[in-house]
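Me: Please take a close look at one part of this model, the way one of its helices packs against its surroundings. Then set that part in the context of the whole chain and of some single residues elsewhere.

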Amino acid sequence: MAVRMMTVGVAGLGAAGGAVAARLLAGAEGLRLGAVSVRDEARARAALPGFEGPFLAPDALHAVCDVVVECLPPALFRTVAEPTLKAGRIFMPLSVGQLLAHWDLVALAEAHGGRIVAPTGALLGFDAVRAVAEGEVRSVTMVTRKPPAGLAGAPWLVRNAIDIDNLAAPLRVYQGSVREGALGFPANLNVAAALSLAGVGPDRTLLEVWADPTVDRNTHSISVEADSARFSMTIENVPSPGNPRTGRITALSVIAALRSLVSPLRVGS
């Protein structure tokens, strides 16, 4: 039995946001879809038959919702984050990489009693990374491999004139810190930003990005060396229909994170 009922607002109905909203509308104990923010209300109503809640601007969702889930283009991140946190609500971002560029939002949340809850998204092993970070961590490395279509148009590729069309073999397109990588691939590397925040930070977390025509899934491999443990993990995510940049597991991760806010039993940190 859920401890309480929480009302959830979803900003953006793309691949992840649409799946989250539909799952909430279908029924999730302790959670209710309270409001949605979209550009095309008619299209959204068709996608969410039976939804009777309001369609609001991103900066108004906090007025009727306990939790606001951000599923917007990176440029609109602060539009929903700032008013949500000022209202003392829970802000759940999918564009986690944007936190690195808007770190003042953490202080804003503290000042107003809000919370930022980053779901694990398309990654795994956060509990282990958070645990070893309580001790001494020597290194955290993440290698991401995506089909070229999932990286197309990334600012890093455009800025450095890297052509990933018609690749015959895997091509490493980035190597460096998560901080710089998250800025260069804002629609692709939110998982890397979340990993860095769970562990040793965006400057010490190392990242490789590969455009790989031999894979059909978004693949992330993590290696961690610490004084308490050494481990490595790999996850292969099925891309969402219509958006190869986002894995299907991302929306499910959001639902799991929301459930953890209301369930009387929580497993994992």
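Reply: Helices here are DSSP runs of H or I with at least four residues, strands are runs of E with at least two, and the numbering starts from the N terminus. The model is a predicted one.

The whole chain comes before the part. Its secondary structure amounts to ten helices and twelve strands. The radius of gyration is 18 Å, close to the 18 Å that the globule rule gives for 269 residues, so the chain is as compact as a globular protein of that length. Along the principal axes, the C-alpha atoms fill a box of roughly 50 × 45 × 35 Å. Of the 269 residues, 48% are buried. Among contacts with a separation of 6 or more, 69% are between residues 24 or more positions apart. The chain exposes about 12500 Å², and carbon and sulfur atoms supply 52% of that area.

The part chosen is helix H3, which covers residues 77-86. Its buried residues are Phe-77, Val-80, Ala-81, Pro-83, Thr-84 and Leu-85. These buried residues pack against several elements: strands E1 (6-11), E3 (67-70), E4 (90-93) and E5 (115-116), and helices H4 (98-101) and H5.

The contact with H5 can be described in detail. Two packed helices are described by the angle between their axes and the distance between the axes. For H3 and H5 (residues 104-112), the axes come within 8 Å and cross at roughly 25°. Angles under 35 degrees count as roughly parallel, and H3 and H5 are therefore roughly parallel to each other. On the H3 side the contact is made by Phe-77, Arg-78, Ala-81, Glu-82, Leu-85 and Lys-86, while H5 contributes Asp-104, Leu-105, Leu-108, Ala-109 and His-112. By type, the residues of this contact are six nonpolar, one polar and four charged. Phe-77, Ala-81 and Leu-85 are among the residues that meet H5, and they are also among the buried residues of H3. After H3 comes Gly-88, with a positive phi near 75°.

Strand E5, one of the elements that the buried residues of H3 pack against, includes Arg-115. With 45% relative accessibility, Arg-115 counts as partly exposed. Beyond its neighbours within four places in sequence, Arg-115 is in contact with Leu-85, Arg-89, Ile-90, Phe-91, Ala-109 and Leu-261. Leu-85 and Ala-109 in that list also take part in the contact between H3 and H5. As a distance marker, the C-alpha atoms of Arg-115 and Glu-29 are separated by 22 Å, with their positions 86 residues apart along the chain.

Some residues away from this part complete the picture. Ile-249 belongs to helix H10, residues 248-262, and is partly exposed at a relative accessible area of 31%. Outside four places in sequence, Ile-249 is in contact with Gly-121, Ala-122, Ile-235 and Asn-237.

Ser-240 sits in strand E11, residues 239-240. Its relative accessible area is 9%, so Ser-240 is buried. Residues up to four places away aside, Ser-240 touches Ala-15, Thr-246, Gly-247 and Arg-248. From Pro-74, 166 residues away along the chain, Ser-240 is separated by 18 Å between C-alpha atoms.

Glu-225 is in strand E9, residues 218-226, and is partly exposed, with a relative accessible area of 24%. Not counting residues up to four places away in sequence, Glu-225 touches Val-137, Arg-138, Ser-139 and Arg-230. Glu-225 and Val-262 are 34 Å apart, C-alpha to C-alpha, at a sequence distance of 37 residues.

Last comes a loop. Most residues other than glycine have a negative phi. Ala-161 is not a glycine, yet has a positive phi of about 50°. Ala-161 lies in the loop between helix H7 (155-159) and strand E7 (171-177), and is exposed, with a relative accessible area of 71%. Asn-166 is also placed in the loop between H7 and E7. Its phi is positive too, at about 60°, although Asn-166 is not a glycine. With a relative accessible area of 79%, Asn-166 is exposed.

Technical notes. Residues are numbered from 1 along each chain as its sequence is written. This is a predicted model: local features need pLDDT of at least 70, side-chain atom pairs count only at pLDDT 80 or more; totals for chains, interfaces and linings use all residues. Side-chain values use heavy atoms; hydrogens and water are left out. Axes are lines fitted to C-alpha atoms, for helices over the stretch in contact, and angles run from 0 to 180 degrees between N-to-C directions. Angles under 35 degrees count as roughly parallel, over 145 as roughly antiparallel, 65 to 115 as roughly perpendicular and the rest as oblique. Contact means heavy atoms within 4.5 Å. Ala, Val, Leu, Ile, Met, Phe, Trp, Tyr, Cys and Pro count as nonpolar, Asp, Glu, Lys and Arg as charged, and the others, Gly among them, as polar. The radius of gyration is taken over C-alpha atoms; the globule rule is 2.2 Å times the number of residues to the power 0.38. Buried means under 20% relative accessible area, exposed over 50%, partly exposed in between (1.4 Å probe, protein chains only). Accessible areas come from the Shrake-Rupley method with a 1.4 Å probe; for residues, only the protein chains shown count as cover.
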